[in-house]
Amino acid sequence: MTKLTMPIFVVAAGLILSASPSFAQQNDPGDQPGLLADDSVELDPQFRRTMVLYRTTEAPGTIIIQTQERHLYVVQGNGRAIRYGIGVGRDGFQWQGLLTISRKAEWPDWTPPPEMIARQPYLPRFMAGGPGNPLGARALYLGATVYRIHGTNRPDTIGTAVSSGCFRLVNADVSDLYDRIPVGTKVIVRQKPSL
């Protein structure tokens with residue numbers, strides 16, 4: 001059996017998203033509407049929020065997402081960054097590009113896009129924000145895309161690749177990030193580390 005791969009789409013904002021039909025009907029184990037987050041879940045030490053040495057020429061405040069590493073960095077300057085553990089898009093739903101934070105929301109409502117509903121018809125068409133919402137406590141919206149950096153009601157998925165292209169953090173971390181990052185912040189999404 002051969003696996004067909006759909007062409008790569010280039011989105012106006014400079015995103016590259018690839019999708020494969022073999023993944024089209026997979027359930028997203030990270031989207032469980034109504035599930036209350038188990039805040040007692042202990043993250044693996046590599047995915048806990050921490051200050052790290054980080055070499056970059058990007059300005060302080062820039063967000064750099066390294067999907068392969070499952071880390072989000074906020075550049076602090078002086079060779080340092082705050083590193084957060086994240087969950088990323090599963091195979092066929094990973095992308096890279098350069099965007100800005102276009103808006104922010106506390107306890108955001110969730111309206112899954114039509115493409116997500118087509119893949120996962122069991123999802124609600126709308127869900128008000130709150131503890132059982134898969135977007136968690138905060139959301140930072142990426143440009144004019146359907147993608148976000150958001151919290152989660154599944155902290156056990158941090159460090160995994162299960163989403164439909166968004167980046168998830170535990171609620172405490174996304175709340176910390178939300179307080180640090182203004183609208184207009186530059187976001188760089190990379191698939192592979194740069195040398």
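Me: Helices (H or I, at least four residues) and strands (E, at least two) are DSSP runs, numbered from the N terminus. Where, then, is Trp-107 found?

Reply: Trp-107 is found in the loop between E8 and helix H1 (114-119). The model is predicted, so local features need pLDDT of at least 70 and side-chain atom pairs count only at pLDDT 80 or more, while totals for chains, interfaces and linings use all residues. Residues are numbered from 1 along each chain as its sequence is written, and side-chain values use heavy atoms, with hydrogens and water left out.

Me: Why is Trp-107 called partly exposed?

Reply: Buried means under 20% relative accessible area and exposed over 50%, with partly exposed in between (1.4 Å probe, protein chains only). Trp-107 has 38% and is therefore partly exposed.

Me: What makes Asn-78 exposed?

Reply: Its relative accessible area is 81%, so Asn-78 is classed as exposed. Asn-78 lies in the loop between E5 and E6 and has a positive phi of about 55° although it is not a glycine. Most residues other than glycine have a negative phi.

Me: Why is Arg-148 called buried?

Reply: The relative accessible area of Arg-148 is 10%, so the residue is buried. Arg-148 is found in strand E10 (residues 148-150).

Me: What does Arg-148 touch, not counting residues up to four places away in sequence?

Reply: Contact means heavy atoms within 4.5 Å. On that basis, and with residues up to four places away in sequence not counted, Arg-148 touches residues including Trp-110, Leu-135, Tyr-141 and Phe-167.
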